[in-house]
Structures are given as C-alpha cells and as structure tokens.
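Dear colleague,

I am handing over the model we spoke about, and would be glad if you read my notes alongside it.

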Amino acid sequence: MNLEFTPEEKAFREEVRTFIAENYPKHLADFGMREDMEREDFLAWHKILGEKGWSVPAWPVEYGGTGWTPTQRYIWSEENARINAVMPLPFGVAMVGPVIYTFGNEEQKAEHLPGIRSGDVWWCQGYSEPGAGSDLASLKTTAVRDGDHYIINGQKTWTTLAQHADWGFFLCRTDPDAAKPQEGISFILIDMKTPGVEVKPIKLLDGGYEVNETWLTDVRVPVENLVGEENKGWTYAKFLLAHERSGIAGVARSKRGVEKLREIAASETLDGKPLINDFDFARKVSQLEIDLAALEITELRTLAGEQAGKGPGPESSILKIKGTEIQQRLTELTLEAVGSYGTPLYGNIANVPGDAGSNQYPVGPDYAKHAAATYFNMRKTSIYGGSNEIQRNIITKMILGL
C-alpha cells in the first residue's frame with residue numbers, strides 16, 4: 001500500500017483547505033461542545049456543503065455523491081478535523097441515506113435523499129430500547145399491519161438529538177412469532193410529527209440535553225414507509241451499523257486531538273517544567289500516537305478495500321473498538337494535563353426548556369473549560385454503535401472464524 005499522496009491528491013487537499021477557509025461559518029469556531037448548539041448551528045455547514053455538492057462524499061454519484069476516491073474522502077475528513085468543523089450529522093448522510101439508496105424503492109429515494117443531501121431534513125435513529133441495547137434483537141416495539149398502515153407502539157431510548165428531528169428510522173417487530181429474535185424485525189421510516197410520537201428529554205448529570213426517550217403510542221405509519229421487505233430489517237440494520245462503526249473510529253479528529261494535547265502539555269507545568277517533558281506523561285502520549293498510527297493504517301486499508309469495490313464489513317468492528325478506546329484515552333490524558341482547571345462545573349450549558357445558562361467566566365485557560373465534560377461524555381463511545389464487547393464477539397466469529 002502506497003502511503004504517499006500523489007500530486008493530484010495534494011492539489012485536492014489545497015482545494016479543500018481553501019474552500020473551508022473561505023466558506024466555513026465563522027461563528028461555529030467558538031463552539032466547544034454540541035450541547036451549546038441550536039438546530040441551525042448543526043445544519044449551517046451541512047447546508048453550505050449541500051449547495052456545493054459535497055455533503056455526501058461517500059454516496060454513489062447517481063445519488064448525489066462527489067465521485068471522490070477513498071483517499072480524497074480521507075483528505076476531506078482530515079481537513080475538516082484540522083479546524084474541528086461541525087460536520088453533517090451521521091443519522092442522515094452516513095446511516096439512513098445508504099440504507100435508502102441501497103434497499104429502498106425509487107419513490108423513497110426521490111422523497112428522502114434530496115433532503116438528506118441539502119440538510120433540510122433532520123433524521124434520528126430509533127434502535128435502542130430500555131431492555132434492548134447491545135442485545136438489540138430483543139426489541140419490543142411493535143408494528144401491526146392495519147390495511148395500508150402500520151400501528152406502532154413502543155419506547156425507544158437514547159434517541160440522540162430527536163428534539164430537532166423531522167424524520168426517524170425505527171426498528172419494529174412485525175412478526176412476534178418469528179423463530180429467531182433477529183427475524184420478524186422491519187425497518188420503518190416515521191415522520192416525527194405523526195400523532196402519537198412523543199419525545200421526552202433525558203437530562204444528563206451536567207444539565208446537558210443530547211439524548212431522549214421516544215414514545216410511540218398508536219402511531220399510524222403508511223405501509224409505503226417500510227424500507228425493503230417486511231421482516232428483513234435486521235439485514236438492513238447490520239448494513240447501517242457497519243457504516244456507523246467505520247465512522248465512529250474518528251481517526252482524523254483523534255490526530256488533531258493529539259496535536260492539541262501536546263500543545264496543552266507544553267503549556268502546563270509539573271515541578272516547574274513543561275508537562276510534556278515528564279517521562280511518564282510523555283510515554284503515555286507516545287503510546288497513544290503509536291496506537292493511533294496503527295489505527296490509521298487499518299482505516300487506510302479499509303478505504304483501499306472500498307476503492308476496490310468492497311463495502312464495510314466486520315472489519316468495521318476493529319475500527320470501532322480501537323477508535324473509541326483511543327478517543328477515551330485521549331480525553332483522559334487531556335483531563336490529566338489540565339489538572340485542577342478541569343474541576344469546575346460551569347452550570348447548565350444546554351438549551352433545555354426552563355433552564356438558564358451559566359454566566360460564570362471559566363477559570364484557567366480556554367483549553368481547560370471543556371476537558372472534564374468531554375472526558376465524561378466520551379465514556380459512551382465504547383457503548384453506542386454496539387458495545388465493544390459485542391464487537392469483539394463479531395470479530396471472533398466473522399473474521400477469526402472461531
């Protein structure tokens with residue numbers, strides 16, 4: 001595998017860097033965490049990219065993709081990570097979009113793909129339930145056929161940013177008598193404005209509002225919102241999760257995070273000397289960089305496979321496991337580096353109805369004010385998208401054949 005960029009790829013990087021410098025919304029540079037953000041903040045860069053035709057670079061050209069090579073897409077992600085850009089949310093562009101253009105009918109493609117590309121339609125994911133997380137096949141939400149509609153009842157949980165969503169994609173049990181729990185599940189699209197859909201905030205310990213409960217009570221959904229075949233939703237769910245897990249790796253952003261960590265460690269001191277000169281701390285940073293370099297090679301191999309026509313498969317579990325572990329170690333080292341500056345909690349920073357934001361000015365340098373909150377928030381990454389324990393089982397079975 002050749003790891004050197006060609007002259008054409010280097011020129012592409014310059015084109016991308018120039019476009020970002022000239023078009024990225026200036027006000028988004030100040031956001032430290034996404035709980036600070038309103039709906040339009042999330043969508044601002046997405047809509048600019050939609051107008052440019054760059055919002056869905058991984059999609060096939062016939063559905064609005066850019067036609068970029070995997071290497072070009074990798075360069076694109078690196079350049080956005082370099083400025084910590086607020087990227088298009090994955091629920092539409094990386095999750096339900098590929099399911100629709102791969103398994104959906106022509107009417108569904110015409111109805112939903114344009115809004116995903118443009119950023120005009122916000123999607124959320126209805127997978128997890130109170131009793132069905134990593135064991136997703138045990139889900140209880142039901143969809144019962146009633147003429148030209150399904151009647152859906154159940155509860156989903158951890159529905160990220162559903163308070164902003166226009167549409168959601170939900171896994172529902174359509175055959176309760178199926179021989180295996182993975183059978184009898186269907187993939188259904190739901191307009192979140194449909195009567196009977198209720199989104200309730202799950203307020204986090206720090207006052208943040210990022211996840212929700214979604215209650216479905218006698219929700220009538222047209223049968224034409226079924227994607228693919230009835231009772232085949234598990235196949236589509238696995239396809240979607242393979243795409244999600246590849247994206248969770250976040251190599252480009254972790255590389256930028258390590259650069260930032262080194263900058264912080266050069267500014268902070270231990271016994272009067274820069275922290276980065278401390279042998280034990282420098283060893284942990286170096287080991288992190290080594291593991292991240294190995295993960296980057298693995299991701300590049302996956303991209304090379306995609307370029308050869310191979311879609312993301314069980315190898316995405318490797319990217320998910322190592323990528324999330326590295327993210328957690330990175331945020332832990334960042335919190336260690338800022339020390340006591342990471343201790344204060346500056347009140348509620350989220351837009352939860354009825355709550356007021358904090359007007360306290362952070363103590364210490366700017367790089368410290370979100371260190372603790374980011375550390376705690378990143379504890380979830382080894383759980384969502386299928387827990388890392390489940391991913392190890394997938395690797396054992398699908399790759400090692402054990």
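Strand β5 (strands being DSSP runs of E of at least two residues, and helices runs of H or I of at least four, both numbered from the N terminus) is mostly covered, with six of its seven residues buried, where buried means under 20% relative accessible area with a 1.4 Å probe and protein chains only. This is a predicted model, in which local features need pLDDT of at least 70 and side-chain atom pairs pLDDT 80 or more, while totals for chains, interfaces and linings use all residues. Residues are numbered from 1 along each chain as its sequence is written, and side-chain values use heavy atoms, leaving out hydrogens and water.

β5 pairs with β4 in the antiparallel sense over seven bridges, pairing requiring at least two DSSP bridges between the strands, and I185 of β5 is the bridge partner of R173. On β8 (residues 226–227), which runs antiparallel to β5, two bridges are made, and V227 there stands opposite F187.

T174 lies in the loop between β4 (167–173) and β5 (185–191) and is buried, at a relative accessible area of 15%. Although 11 residues separate T174 from I185 in sequence, their C-alpha atoms are 5.6 Å apart. Leaving aside residues up to four places away in sequence, T174 touches A143, Y150, G184, I185, S186, E230 and N231, contact meaning heavy atoms within 4.5 Å. The side chains of T174 and N231 are also joined by a polar contact of 2.5 Å, that is, a pair of N or O atoms within 3.5 Å, one able to donate a hydrogen and the other to accept it.

With best regards

Key:
Buried means under 20% relative accessible area, exposed over 50%, partly exposed in between (1.4 Å probe, protein chains only).
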